[in-house]
Amino acid sequence: MRSPGSSEFVVHASPLILLSRVGQLDLLDAVATRVLLPRAVLTGIEGGAAKDTTHAAGLAHKSWTVLPDLTIPDAIRDCDSGAGEGQVLAHCLDRSSRLAVLDALAARRCAASLGITMMGTLGIVVEARRRGRPQRTRPVIDSLLENGLRAQRSLVEALLVELGE
């Protein structure tokens, strides 16, 4: 996994919710100069707050910038991603210097097909570790997996070996 070249991360709800559930939202700030949330992502988080209180924690970060929703280009609409994912992709396609933070496989495939630089929740944790936070990655990743992150165990183990854990 390579280090991101962008300092502006356009983030989908899933990474925010997962990092919030395990008390690690600050890892986003450790790796991104600016965290950007499309309005559709914010709306999705607000809509889920009644079911899961960790949704609301993502809203408390006042340093994050909310972006207006864009018209979704046909190339993204054809990928059949959700409203929030489509907005993340549209904002990154609109400005190629931005990095998309997505976990859903379909959205990641769409990003790859469009040449959009991306990473997922695991990538955030690994990049933060490379920058000295957290001290140990395994407990964070184990907690993410227990709280809904879906990742192949072989990938997780390879990342942990790469990080010396």
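Visitor: In this predicted model, how many bridges join strand 1 to strand 4, and do the two run parallel or antiparallel?

Guide: Strand 1 and strand 4 run parallel and are joined by three bridges, with Ala100 of strand 4 as the bridge partner of Val10. Strand 1, residues 8-11, also pairs in the parallel sense with strand 2, residues 34-38, again over three bridges, and there Phe9 has Val35 as its bridge partner.

Visitor: Which residues of strand 1 lie on each side, and are they buried or exposed?

Guide: In a regular strand the side chains alternate between the two faces of the sheet. Here Glu8 and Val10 lie on one side, Phe9 and Val11 on the other, and all four are buried, so that both faces of strand 1 are covered.

Visitor: How should I read the packing of helix 8 and helix 10, and at what angle do their axes cross?

Guide: The axes of helix 8 (residues 121-130) and helix 10 (residues 153-162) come within 11 Å and cross at roughly 10°; because angles under 35 degrees count as roughly parallel, that is how the two helices are described. Leu122, Val126 and Arg130 of helix 8 meet Leu155, Val156, Leu159 and Glu162 of helix 10, a contact with five nonpolar, two charged and no polar residues.

Visitor: What is Thr121 of helix 8 in contact with, beyond its neighbours in sequence?

Guide: Thr121 is buried, with a relative accessible area of 0%, and, leaving aside neighbours within four places in sequence, is in contact with Pro15, Leu18, Leu19, Asp103, Leu144 and Leu149.

Visitor: Which element has the lowest mean pLDDT?

Guide: Where pLDDT is low, the predicted coordinates should not be read in detail. Helix 4 (residues 54-57) has the lowest mean among the elements, 59, and strand 4 (residues 99-101) the highest, 97.

Key
Residues numbered from 1 in each chain as written. Predicted model: local features only at pLDDT ≥ 70, side-chain atom pairs only at ≥ 80, totals over all residues. Heavy atoms only, no water. Axes fitted to C-alpha atoms, helices over the stretch in contact; angles between N-to-C directions. Parallel < 35°, antiparallel > 145°, perpendicular 65-115°, else oblique. Contact = heavy atoms within 4.5 Å. Nonpolar A, V, L, I, M, F, W, Y, C, P; charged D, E, K, R; others polar. pLDDT = per-residue confidence, 0-100. Buried < 20%, exposed > 50% of the residue type's maximum accessible area, 1.4 Å probe, protein only. Pairing = 2+ DSSP bridges.
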